[in-house]
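Biologist: Please take a close look at one part of this model and set out how that part sits in the rest of the chain.

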Amino acid sequence: MSPGPARLPLTPRQAQALTAAADGAPLREVGARLGVTREQASSLLSRAYERLDVVHVPRDRRRAAAVRAAVRRSLITLPNPEENSAP
């Protein structure tokens with residue numbers, strides 16, 4: 001995976017789907033977070049993978065590769081887990 005710019009920017013909905021999926025949640029949960037079906041969540045993520053040019057990455061590592069690429073290119077921002085932890 002090259003560190004260059006994305007082939008195409010993510011749509012706002014693709015960015016939301018990738019952010020929702022970043023913690024490894026199953027597609028059903030990603031869909032619930034977005035208020036869409038599992039199939040719609042899958043479609044959004046698949047299109048994001050194409051735009052981020054990570055479709056060549058093995059399936060079991062594709063989501064993580066897409067999240068890394070999107071964060072590196074400032075297309076998504078992940079929540080800081082330390083902000084949600086108790087003092």
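**A close look at helix 3**

Modeller: Helix 3 is followed by D53, which has a positive phi, near 60°. The model is a predicted one. Helix 3 itself covers residues 38-51. Its 14 residues reach 20 Å from the first C-alpha to the last, close to the 20 Å expected at 1.5 Å a residue.

The buried residues in helix 3 are A41, L44, L45, A48 and Y49. Seen down the helix axis, they fall within an arc of 140°, so they line one face of helix 3. An α-helix has 3.6 residues a turn, so residues three or four places apart point the same way. The cover over the buried residues of helix 3 includes helix 1, helix 2 and helix 4.

The wider setting is the largest nonpolar core, with 24 residues. L45 of helix 3 is among the residues with the most contacts inside this core, and L10, L18, V30, L52, V54 and I76 are the others. Two or more core residues come from each of helix 1 (12-21), helix 2 (27-34), helix 3 and helix 4 (59-72). I76 is in contact with L10, A15, L18, T19, V67, A70 and V71, leaving aside its neighbours within four places in sequence.

As for the whole chain, it has four helices and zero strands, in the order α-α-α-α. Of its 87 residues, 32% are buried. Among contacts with a separation of 6 or more, 57% join residues 24 or more positions apart. The accessible surface of the chain is about 5600 Å², and carbon and sulfur atoms hold 52% of that surface.

Definitions and conventions:
Residues are numbered from 1 along each chain as its sequence is written. This is a predicted model: local features need pLDDT of at least 70, side-chain atom pairs count only at pLDDT 80 or more; totals for chains, interfaces and linings use all residues. Side-chain values use heavy atoms; hydrogens and water are left out. A nonpolar core is a set of buried Ala, Val, Leu, Ile, Met, Phe, Trp, Tyr and Cys residues joined through side-chain atoms within 4.5 Å. Buried means under 20% relative accessible area, exposed over 50%, partly exposed in between (1.4 Å probe, protein chains only). Contact means heavy atoms within 4.5 Å. The expected span of a helix is 1.5 Å times one less than its number of residues. The arc is that of the directions from the helix axis to the C-beta atoms. Accessible areas come from the Shrake-Rupley method with a 1.4 Å probe; for residues, only the protein chains shown count as cover.
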